[in-house]
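Subject: Structure handover

Hello,

Here is the structure you asked for, with the sequence. My notes on it follow below.

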Amino acid sequence: MKPTVDQVWGWLDEVPDPEIPVISVVDLGIVREVAWEGDALRVAVTPTYSGCPATRVISMDIETALRDRGVDKVRIETRIAPPWTTDWLSDKGRSRLEAYGIAPPSPAGGPDKCPRCGSKHVTKVSQFGSTPCKAHWRCDDCLEPFDYFKCI
């Protein structure tokens, strides 16, 4: 008996992002669609940006998670349009980013507060952080550096 689409979404919610392991690929918003096509399961994935080096690893992790649960025919479809946006992050994902020490994206274009101490006194150090989708910031009160997940 093949699993339901809802079951598959639940399984994918357990697949961590390889660069930020506290957030799932579902909470990151990169899994866009899950559908059965005959006896094959199609999973559409939109990378956070078209050159994301983790895209291949994410596809392999998704396929492995599904095969481990008995889904033998899996087709991963990479979609670059529409492009991924931070609006696709779930609320749970945003909370997990902050708890991990990464400031979640903000419409203001910079972090609302330091994810470590909660201070609103923060300064951008560099537009480029530990990965291309993050910028490097510092808290002016606790002096801790942190990543900010850029709005895209």
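An unreviewed UniProt entry annotates residues 6-68 as "domain: MIP18 family-like". Please keep in mind that the model is predicted. Over that span the chain is 33% helix and 21% strand, with 17 Å between the end C-alpha atoms.

Helix H2, residues 55-68, falls inside this annotation. H2 has 14 residues and runs 20 Å from its first C-alpha to its last, close to the 20 Å expected at 1.5 Å a residue. Its buried residues are Thr-55, Ile-58, Ser-59, Ile-62, Ala-65 and Leu-66. These lie on the same side of H2, because they cover an arc of only 130° around the axis. The general rule is that an α-helix has 3.6 residues a turn, so residues three or four places apart point the same way. Arg-56 and Asp-68, on the other side of H2, are exposed. The cover over the buried residues of H2 includes helix H1 (5-12) and three strands: S1 (31-37), S2 (40-45) and S3 (74-78). After H2 comes Gly-70, which has a positive phi, near 95°.

Thr-46 sits in the loop between S2 and H2. Thr-46 is buried, at 2% relative accessibility. Its side chain reaches the backbone oxygen of Arg-79 at 3.2 Å. Apart from neighbours within four places in sequence, Thr-46 is in contact with Ile-30, Arg-32, Arg-79, Pro-82, Pro-83, Trp-84 and Trp-88.

The second annotation, "domain: PaaD zinc beta ribbon", also comes from the unreviewed UniProt entry and covers residues 113-150. This span is 0% helix and 42% strand, and its end C-alpha atoms lie 14 Å apart.

On the cysteines: how many disulfides does the structure hold? The number is zero. Cys-114 is in no disulfide, and the nearest cysteine sulfur, that of Cys-142, is 3.9 Å away. A disulfide here requires two cysteine sulfur atoms within 2.5 Å, so the 3.9 Å between Cys-114 and Cys-142 does not qualify. Cys-114 is buried, with a relative accessible area of 1%. Cys-133 is likewise in no disulfide; the nearest cysteine sulfur to it belongs to Cys-52, 6.6 Å away. Cys-133 also counts as buried, at 4% relative accessibility.

Regards

Key
Residues are numbered from 1 along each chain as its sequence is written. This is a predicted model: local features need pLDDT of at least 70, side-chain atom pairs count only at pLDDT 80 or more; totals for chains, interfaces and linings use all residues. Side-chain values use heavy atoms; hydrogens and water are left out. UniProt positions are given in the numbering used here, feature names are shortened, and annotations may be inferred rather than shown by experiment. Helices (H or I, at least four residues) and strands (E, at least two) are DSSP runs, numbered from the N terminus. Buried means under 20% relative accessible area, exposed over 50%, partly exposed in between (1.4 Å probe, protein chains only). The expected span of a helix is 1.5 Å times one less than its number of residues. The arc is that of the directions from the helix axis to the C-beta atoms. Contact means heavy atoms within 4.5 Å. A polar contact is a pair of N or O atoms within 3.5 Å; within protein, one must be able to donate a hydrogen and the other to accept it, and residues adjacent in sequence count only if both atoms are side-chain atoms.
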